[in-house]
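User: Please introduce this structure to a newcomer through a short series of questions and answers.

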Amino acid sequence: MIVKKELDFAGKKLTLETGKLAPQANQAVLARMGETVVLATAVANEPRESIDYFPLRIDYEEKLYAGGHIKGSRWVKREGRPTDEATVTARLIDHNVRPLFPKDYIEDIQVIVTVLSIDEENDPQILALIAASAALHASDIPWNGPIAAVRLGLKEGNFIINPPVNGEGEQDLDAVISSVNGKILAIEAEGKEVPEEKIIEGLKFCQEPLAQLAKFIEDFAREVGNKKLEYEPVALSEEMLKDITDFASEKVKKIVTTPMDKVDFVDTYGDLLEEVYAEFEGKYTKQDMKRALDEVQKKEIRKLVFDEGKRVDGRGLDEVRPIEIELGLLPRTHGSVFFARGVTQALSIVTLGSSSLEQWIQGMTGEDTKRYMHHYYGRPFSFGETGPLRSPGRREIGHGTLAENALKPMIPSKEDFPYAIRVVTEILSQNGSTSMAATCGSSLALMDAGVPIKAPVAGVAIGLMVNEDASEHILLTDIVGVEDFNGFMDLKMAGTRQGMTAIQMELKMHGVPFEVLEEAFKKSREKRLEILDKMNAVLEKPREQLSKYAPRITVVKIDPKKIGEVIGPGGKMIKNIIETTKCDVDVEDDGTVLISSQEGEPDSDAQRAKEWIENIVREAKVGEIYEGKVVRIMDFGAFVEILPGKDGLVHISELAHRHVPNVESVVKEGDKIKVKVIEIDSTGRISLSKKALEKRPPASPDSRASRGGTAPGGKRPHRPNRPPRRPGYRTPYYQKPAYRSR
């Protein structure tokens with residue numbers, strides 16, 4: 001049965017359809033908004049044996065055909081591994097749908113969202129989230145949805161629901177907000193120093209369209225009519241929980257009430273787990289014993305927080321871990337900072353390069369470039385574990401993108417700082433809030449490298465503990481790993497002293513009330529300012545000088561019409577400049593030329609390249625003097641290159657004040673001579689003169705006589721051998737003496 005429903009949603013028509021495509025999936029939904037179309041499928045398999053986790057897999061596939069493009073690679077035309085943006089979108093959907101599956105549900109679930117068509121206005125990310133929610137809610141898979149989601153924009157002080165994607169760069173806020181049952185479920189946002197109060201105002205602004213969308217998905221699922229499957233929860237038996245609690249609760253309590261770092265905690269807890277295995281060997285499986293001990297741990301940690309107002313590492317509820325900062329840790333990099341918060345350690349490194357090193361990205365909407373990049377690495381040793389070294393995983397990409405978004409609004413414009421900027425954060429030790437440590441470390445590393453960021457950025461993670469009946473809640477500042485594992489919220493907020501630049505919030509519960517969010521936002525700001533104070537005490541502003549190992553970039557602006565002259569036929573001219581000066585030269589479409597010299601202090605090579613380019617586009621003017629090179633000899637004169645690629649003619653009569661029998665008697669090819677521009681005709685041909693720069697020699701006493709003229713005194717010179725003239729004979733013009741002025 002085909003079911004199709006439409007909704008006028010925020011001024012656009014939203015369509016959900018099922019029953020036609022992908023019939024073998026548990027549920028498939030085709031969602032359309034404008035000319036953007038996505039297909040979401042949800043499939044459930046039987047649970048795998050011997051697993052103690054929920055194997056949910058979310059995939060988001062970008063197809064280049066959706067925007068009418070073919071992959072630019074000459075050799076591979078298939079789409080390859082997911083782009084970072086696709087990975088971030090898949091994680092966004094995961095953060096939204098995962099909390100709404102029943103507790104102890106371990107069936108193998110996969111949701112795949114494929115972008116089939118994309119226009120320049122409607123956002124496929126939001127449509128993917130809506131389609132995934134509709135597919136799960138209308139399927140027979142147990143799930144406590146639906147989720148409603150909108151994109152919230154802020155422009156000139158006004159909020160916009162689902163703004164056009166082609167205008168994102170003009171907005172002060174770009175946020176994805178989702179809700180369930182009227183409560184906020186997840187937030188992903190980036191902004192230009194937006195005050196926290198404004199964000200809360202925006203969340204409330206979204207409530208009406210979110211409620212409208214949730215009802216629409218409910219009606220759609222009701223019309224589809226699928227009944228949810230019955231499942232057998234893998235809950236632990238009461239007997240097992242009692243046995244493990246009686247045996248281990250006091251020992252767990254001692255562990256969680258003894259302040260220790262992550263290493264000691266993990267080791268001590270691991271020793272206790274081995275004791276539990278030995279005590280109940282043969283009675284229960286190791287998998288169930290571990291789950292039961294984890295439940296005991298959760299209860300004891302929550303008791304510690306609610307009954308004693310303490311935390312596992314001995315801190316107060318709103319206390320930030322001790323911070324350690326070391327600048328310039330690596331001598332040859334362009335900027336580096338070691339940032340530690342407790343056991344969590346981040347080493348951030350900055351590398352600067354010419355604009356030719358910007359990242360080229362081919363996506364569904366075409367090609368684009370990325371000038372500022374942040375890459376996050378968290379290798380197995382940072383957890384105290386072993387494991388294979390593979391390409392960055394989804395978590396690493398997601399954390400790196402969050403830190404990148406936090407700094408992006410503070411990066412100077414290309415006009416002010418014409419460099420490609422790559423920041424790499426190596427996480428050396430992990431115990432919670434590594435993405436915020438990467439944010440703080442990256443901010444300091446950029447300043448250490450001399451990048452003139454607009455303001456330093458810091459971030460902190462806020463956690464949430466809820467008691468057994470959910471009647472009370474407590475917020476925890478700067479959560480560690482065990483608090484994240486046993487808590488209900490991970491709210492990461494980064495920003496400057498003025499406001500927020502990035503947010504990521506994920507929950508392990510069915511939404512959070514507004515009053516809790518307002519409290520968390522306020523606490524996050526207070527602690528962010530505290531962290532910024534500690535960062536400023538080490539480095540208050542960007543260094544005034546770049547590292548001596550960083551390249552120097554010189555900027556030249558030329559007329560875009562003259563770009564072809566700088567590049568030359570087949571790139572001959574620009575290749576010659578690069579090979580001769582040993583500089584990288586990049587020419588932008590707007591006529592901006594970026595000259596990047598080799599590492600070290602500014603040298604003459606960049607200046608030579610600059611003067612060379614300026615001379616290429618320079619227009620010769622009458623009266624100007626040049627030192628040029630003779631490039632070609634002709635019978636009637638010599639061609640002299642006065643500017644790169646520009647020749648002028650020195651006519652033979654302009655070579656010298658005396659009579660010149662042939663050009664090569666004065667100049668030869670390859671000679672360097674000084675010339676003056678004496679004329680530029682309507683076609684741009686340049687006439688030069690060499691003799692105009694030379695002093696006319698004085699006339700000798702017999703110079704006129706030597707040419708056959710009248711000697712001093714008015715008498716003709718005696719010519720004894722001159723033959724007598726015939727009567728009527730006239731001397732041919734070519735035998736007449738040289739013309740003399742009267």
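The exchange below covers overall form, salt bridges and backbone geometry.

Analyst: This is a predicted model, in which local features need pLDDT of at least 70 and side-chain atom pairs count only at pLDDT 80 or more, while totals for chains, interfaces and linings use all residues. Residues are numbered from 1 along each chain as its sequence is written, and side-chain values use heavy atoms, with hydrogens and water left out.

User: What is the radius of gyration of the protein?

Analyst: The C-alpha trace spans about 150 × 60 × 50 Å along its principal axes. By the globule rule (2.2 Å times the number of residues to the power 0.38, the radius being taken over C-alpha atoms), a compact globule of 742 residues would come near 27 Å. The protein itself has a radius of gyration of 39 Å.

User: With which residue does Arg-341 form a salt bridge?

Analyst: A salt bridge is a side-chain nitrogen of Lys or Arg within 4 Å of a carboxyl oxygen of Asp or Glu. At 0% relative accessibility, Arg-341 counts as buried (under 20% relative accessible area, against over 50% for exposed and in between for partly exposed, with a 1.4 Å probe and protein chains only). For this pair, the closest N and O atoms are 3.6 Å apart, and the partner is Asp-478.

User: How many residues apart in sequence are the parts that Arg-341 and Asp-478 tie together?

Analyst: Helices (H or I, at least four residues) and strands (E, at least two) are DSSP runs, numbered from the N terminus. Arg-341 lies in strand β12, whereas Asp-478 lies in the loop between β19 and α10, so the salt bridge ties together parts whose separation in sequence is 137 residues.

User: Which residues are linked with Arg-341 and Asp-478 in a network of salt bridges?

Analyst: Asp-478 is buried, with a relative accessible area of 0%. The network that contains Asp-478 and Arg-341 also links Asp-313, Arg-315 and Arg-321.

User: Is Asn-162 buried or exposed?

Analyst: Most residues other than glycine have a negative phi. Asn-162, in the loop between β8 and β9, has a positive phi near 50°. With a relative accessible area of 7%, Asn-162 is buried.

User: What is the relative accessible area of Glu-156?

Analyst: Glu-156 is found in the loop between β7 and β8, and its phi is also positive, near 55°. Glu-156 is exposed, with a relative accessible area of 69%.
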